[in-house]
Amino acid sequence: MENKNYYFHNMDRRGFLKTLAVVGAAFTLKMKGGMAVFAQTITDQMENPADLVAVMGGEPDAMFQKAIEEMGGMSRFVKSGQKVVVKPNIGWDKVPELAANTNPVLVGEIIRQCFAAGAKEVVVFDNTCDNWKKCYANSGIEAAAKAAGAKMMPGHEKSYYRSVPLPQGKSQKNARIHQAILDCDVWINVPVLKHHSGANMSIAMKNLMGIIWNRMIFHVKNLQQSIADICTLDKKPVLNIVDAYRVLKTNGPRGKSKEDVVTPKALFVSQDMVAVDTAAAKFFNQIREMPLEHVKHLAHGEEMKIGTMDIDNLNVKRIRM
Amino acid sequence: MLKKIRIIISLLIFSLLTFYFLDFAGILPMRFHALAHIQFIPAWLSHNIIIMLFLIILALLFGRIYCSFICPLGTFMSLFPCSISKVSKPAFTKLRWLILAITLVLFFSGFTVVLGILDPYSAYGRIAVHVFKPVYLFANNILASIFNNFGNYTFYKVEIVMLSVFSFIVALLTFVAIGVLAWKKGRFYCNTICPVGTIFGFINKFSLFKIRIDNGKCTSCGICAKKCKASCIDVKAKTIDYSKCVNCFSCINNCSRKGLSFAMKSKEKELEKEEKVDKSKRKFVLTSLATTVAVPAVFASHPVPGAISQRGASAQRKIAISPPGSVSAERLLKHCTSCHLCIAKCPSKVLKPAFMEYGIGGMMMPMMHFERGFCNYDCITCSSVCPNHALLPLTKKQKHGLQVGKVIFIPEICVVHTNGTSCGACSEHCPTQAVKMVPYKNGLTIPVIDTDICVGCGGCEFICPVRPHRAIYIEGNKIHKKAKAFAVEETEEKEITDFGF
């Protein structure tokens, strides 16, 4: 108190404002540092954050911590007070070991980081193929999400979706999008890397088929082009986090037994859907042959300027744990 | 006191059973299907000797406890106000036995539909599924939209669908008829139409404990008869028609002179109303029983009792698919009384009541259809809950090896062939990869099928986007077959040490 009085007494108006500004700035910095999880690296990474991060050899949550650090920290993507949607793949009534859905440990960690970055609310949903309640429960995602403080939202009813135009779409001119995506501030796309009998690969772009209602029409009207079309949606995910901890190498996207699963323990993160899918598909190509030209939605995506397949010209960070 | 006990127990069973039918969210644990298993007709049809013995011994000891405590339709009727004329009326004894005889004759000749319509538990089940459930879902949806607006997803919206117009009409008519009868005629249904009521009414005459009138205390004031919904008390003669008494205990409760009691023997020798043997009735019953035995023998000369129609659920399907555990449509038709518990409990919306798909003998019985969903590979709900064992209980493993129908693929109308674009939705949904995508041309893949490992879940048919006819669908198996186990490709996991880019 005394000190403060001293300053006030010995200061002209300009001096006072100056002091106020400096104190204010210092205070803000301190707050920001306190809220970010990796305060140390943020300042380094902010200068030159990676375009694409590939991590290998760790547990899902630990790999994500490394990756988001390289991406400049979660607070680069999620701001204080925002409503966030985390959209994993929860398509099937399968346990995590069968790799048909996104790893629940990863989903939980992403949600925790969103809250640490100041998110007001985190919502998780998917338009599932199997019965949604069974999928939410048996994937382990419902439990992991709730434990991390997120809300599970249903996506099994048409009334949860609203029609949105896709002006750039070639096969699809509009789509019914889940209200959680339309009403949130930012959303994070968290696919699992897997073989797909129809689209050949199911990664980040294909995961957007879980935010729409009328996907049967996607299958009738050129599936690969339709996947690219839905990715032209204005409100793109701020982050695409590809879970490749366990990978369904055959009989995807559902798989029939544990023999379909391999465990390469990898993770890919990028803001660019096409780039992250290209990287993940190239990674998958080592497990099982998968020429990029067979994953046609990648080329369609690049053509429609959703992202780039030319990952060699990106700032790629490779991390082994 | 006795009336209070009756009200408490019957309401408990009734409300839990009703809620079990309505409960789409799985709030009540699955094992509450026991409430359906303790019902008389289901216990009989599933050959549950323990429950049958229990119910019969209960009746021999205490009379129609089933009718007043356990039967959901009986409790349902007691919820209606009753404006019955207060006089004891003669029982329609002949009509009653005739209905029972016809029901049994038809049942033993392979036509279960009449038993299904009259069985009080099944009739109530259909009312719950087709009349109450839409109302329950509607209320849930209103709650859900309010809560969802505030960002709370404890409640969620559920689609309200009329599964079958015919079953809805039957349920609605039963509902109205039961209501009107309960209101105007008291327990007319229980004492004239209900086959279970007839059986227990008969046993009731020999039961150890009965409601008995104390001739010394009774002044024939008539209050008991006024309160009797079964109108079974003859005040002047001071007698009770035990074939009609449903043990509601209202009379005991209302007698100010304690002139009625639930006791083993009356103090004075009873003036039984039907002491003298009704010879014509006895003859009638014997004739009925004889025909009951004889008629099935006549029907048996036909190769297929309860003839199964060749008409299927869709334009494409020729043989309707009976649910897992039913073994065959023929067996289903002999055991199912269409209570629709399986339909109410199916989480995948894959069961619906048949119209004529099984033929006239299979009306309202559950069949699989893939308009709204497909059978979950790991789900055994329907076969677990079926109280009649019309669907035999299955383990997950048994179900995985069961083929209710098999896949048929029409390549000429498949999207991959006609449009030259990717699809694979069918294979995506196939749990055994009986539908598998193989290289086609230009990097495209097209389905090939292996019917041996197909379980007939209908995932492919449900998701196939081709219309009006689908490029892939399930044809029913008349008799369910074994599905071969799918081959597992054993591949050694090669170590990935590089990112590949």
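Here is a short chat about how some labels in this predicted model are earned.

Guide: This is a predicted model, where local features need pLDDT of at least 70, side-chain atom pairs count only at pLDDT 80 or more, and totals for chains, interfaces and linings use all residues. Residues are numbered from 1 along each chain as its sequence is written, while chains are lettered from A and ligands numbered from 1 in the order in which they are written.

Visitor: Why is H1(B) called roughly perpendicular to H9(B)?

Guide: Helix H1 (residues 2–22) and helix H9 (residues 120–149) of chain B pack at about 65°, their axes 9 Å apart. Angles of 65 to 115 degrees count as roughly perpendicular, so H1(B) gets that label against H9(B). Their crossing is right-handed, meaning the near helix is turned clockwise from the far one by less than a right angle.

Visitor: What makes H1(B) and H9(B) meet, residue by residue?

Guide: Contact means C-beta atoms, placed from the backbone, within 7 Å. Thr18(B), Phe21(B) and Leu22(B) in H1(B) meet residues of H9(B), including Val129(B) and Phe132(B). The residues of this contact divide into 6 nonpolar, 2 polar and 1 charged. Ala, Val, Leu, Ile, Met, Phe, Trp, Tyr, Cys and Pro count as nonpolar, Asp, Glu, Lys and Arg as charged, and the others, Gly among them, as polar.

Visitor: How many residues does each chain bring to the contact between A and B?

Guide: Chain A brings 41 residues and chain B 35. On chain A's side, H12(A) gives the largest share, 6 residues.

Terms used
Contact = placed C-beta atoms within 7 Å. Helix = DSSP H or I, 4+ residues; strand = E, 2+ residues; numbered from the N terminus. Axes fitted to C-alpha atoms, helices over the stretch in contact; angles between N-to-C directions. Parallel < 35°, antiparallel > 145°, perpendicular 65-115°, else oblique.
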